[in-house]
Amino acid sequence: MIGGKRFQGKVAIVSGSTQGIGYTIVHHLGLEGASVVVSYHNKKFEKIDVIVSNAAVNPMAGKNATTIMGTQESILNKMWEVNIKAHILLMQLDAPYCFEEINGVRDEWVEFVKPLIID
């Protein structure tokens, strides 16, 4: 359904969007009508409709790493900071702007966990 307008009028935030999968997600969300934010430090939004937490690092990529047992602590710390902690912090910061109250109940997890299917 590329070129449809499933996300018309929606605001999407995509982390890790400068290349690879994140770049493709941004492209497709734009084709589907979304206003896509790729860098939003110190910006405030009234409502966020879509969060794609895609940022990741692999400092060991392309290096001659033997095993995880030999991985330096600084590399493990970097991987924890970006691959785990950053996703949790992004959700903590942005999730309150994502969910609507319907009849006094916050519609949080239904849309929050629904996958984006790129046809």
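Here is a short tour of this predicted model, one selection at a time.

**Stop 1: the sheet.** Start by selecting β1, β2 and β3, three strands that form an open sheet with parallel pairing, in the order β2-β1-β3. Because β2 (35–37) and β3 stand at the edges with a single partner strand each, one side of each has no neighbour in the sheet. From one strand to the next, the twist averages 20°. Now zoom in on β1 and β3: they run parallel and are joined by 4 bridges. To see a bridge pair, pick Val-14 and its partner in β3, Val-52.

**Stop 2: the helices on the sheet.** Add α1, which packs on the sheet and touches β1, β2 and β3. The direction of α1 makes about 170° with that of β1. Then add α2, which also packs on the sheet, touching β1 and β3, and whose direction makes about 165° with that of β3.

**Stop 3: along α2.** Select residues 73–94 to have this helix of 22 residues on its own. From first C-alpha to last, α2 reaches 30 Å, close to the 32 Å expected. Pause at Lys-85, where α2 bends by about 45°. Next, colour the buried residues of α2: Ile-75, Val-82, His-87, Leu-90 and Asp-94. Their cover includes β1 and β3.

**Stop 4: the cores.** Finally, show Phe-7, Ala-12, Val-14, Ile-25, Val-26, Leu-29, Ala-34, Val-50 and Val-52, the 9 residues of the largest nonpolar core. At least two of these come from each of β1 (11–15), α1 (20–31) and β3 (50–53), with α1 giving the most, 3 residues. Another core, of 6 residues, lies apart from it; select Ile-13, Ile-48, Ile-51 and Cys-98 among them.

How values were computed. Residues are numbered from 1 along each chain as its sequence is written. This is a predicted model: local features need pLDDT of at least 70, side-chain atom pairs count only at pLDDT 80 or more; totals for chains, interfaces and linings use all residues. Side-chain values use heavy atoms; hydrogens and water are left out. A nonpolar core is a set of buried Ala, Val, Leu, Ile, Met, Phe, Trp, Tyr and Cys residues joined through side-chain atoms within 4.5 Å. Buried means under 20% relative accessible area, exposed over 50%, partly exposed in between (1.4 Å probe, protein chains only). Helices (H or I, at least four residues) and strands (E, at least two) are DSSP runs, numbered from the N terminus. The expected span of a helix is 1.5 Å times one less than its number of residues. The bend at a residue is the angle between axes fitted to the seven residues ending there and the seven starting there. Contact means heavy atoms within 4.5 Å. Two strands pair if DSSP finds at least two bridges between them. Axes are lines fitted to C-alpha atoms, for helices over the stretch in contact, and angles run from 0 to 180 degrees between N-to-C directions.
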